[in-house]
Amino acid sequence: MSLRTAVAAPFVQAGSDQLPRSDFVVDLSLDRDWFSPEQAKRLIDIAEGEGLVTATDDSLELAFDPTSVTVPDGYQPDESILRERSTFERVLDTVVAEGTDKQQAVAAINGLQSDLGVTLETAAILYARRQGIEVDEAIDRTLEAL
């Protein structure tokens, strides 16, 4: 939630799903004082990698409805969101967002990994697909890594 909230905040403030890159960076670094300008630029890269924004040279377009996110008063993102997540973490987050208990999902994924002798990422993808959750991007990323 934290990454999605931090990325959405400037768009929510502007009331738009498109912003100039510079407005995004200024909002997060100068207006909100959440990140340095360099960190705000890093956040763009991470958000693009996560499929949360589409970036061009000059602008950003949010890949989800900004009104679907509420930025709580006093919200302050943790700097850990500036770290790229592994494929496993991405799939797990998707599974949890669909309503599965995190501990239950991790236990089931670990069981699949052990039973099938596959990588953790492969087990997570298999678990998600068995739950009817689409994780095509993770599949592509995992295949590239092989």
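**Burial, cores and a pocket in a predicted model**

Me: What makes strand S1 and helix H7 stand apart in confidence in this predicted model?

Reply: On pLDDT, the predictor's confidence in each residue from 0 to 100, strand S1 (residues 18-20) has the highest mean in the protein, 97, and H7 the lowest, 81. Helices here are DSSP runs of H or I with at least four residues, and strands are runs of E with at least two, numbered from the N terminus. The protein averages 91, and 99% of the residues score at least 70. Because this is a predicted model, local features need pLDDT of at least 70 and side-chain atom pairs count only at 80 or more, while totals for chains, interfaces and linings use all residues. Residues are numbered from 1 along each chain as its sequence is written, and side-chain values use heavy atoms, leaving out hydrogens and water.

Me: Why is Leu60 called buried?

Reply: Buried means under 20% relative accessible area, exposed over 50%, and partly exposed in between, with a 1.4 Å probe and protein chains only. Leu60 has a relative accessible area of 2% and is therefore buried. Leu60 is found in strand S3, and its contacts (heavy atoms within 4.5 Å), not counting residues up to four places away in sequence, include Phe11, Phe24 and Ile44.

Me: Why does Thr87 count as buried?

Reply: Thr87, placed in helix H4, has a relative accessible area of 12%, so Thr87 is buried. Leaving aside residues up to four places away in sequence, Thr87 touches Glu121, Ala138, Arg141 and Thr142.

Me: What makes a set of residues a nonpolar core?

Reply: The members must be buried Ala, Val, Leu, Ile, Met, Phe, Trp, Tyr or Cys residues joined through side-chain atoms within 4.5 Å. The largest such core has 27 residues, of which Val7, Phe24 and Leu43 touch the most other members. H1 gives the most to this core, six residues. Apart from it lies another core, of 15 residues, among them Ile109 and Tyr127.

Me: How do you know which residues line the largest pocket?

Reply: On a 1 Å grid over the protein atoms alone, a pocket is an open set of points where a 1.4 Å probe fits, with protein on both sides within 12 Å along at least five of seven lines, and lining residues have an atom within 4 Å of a point. For the largest pocket, 25 residues line it, and Glu50, Arg85, Arg90, Asp93 and Thr94 lie nearest its centre. The largest share of the lining, six residues, comes from H4.
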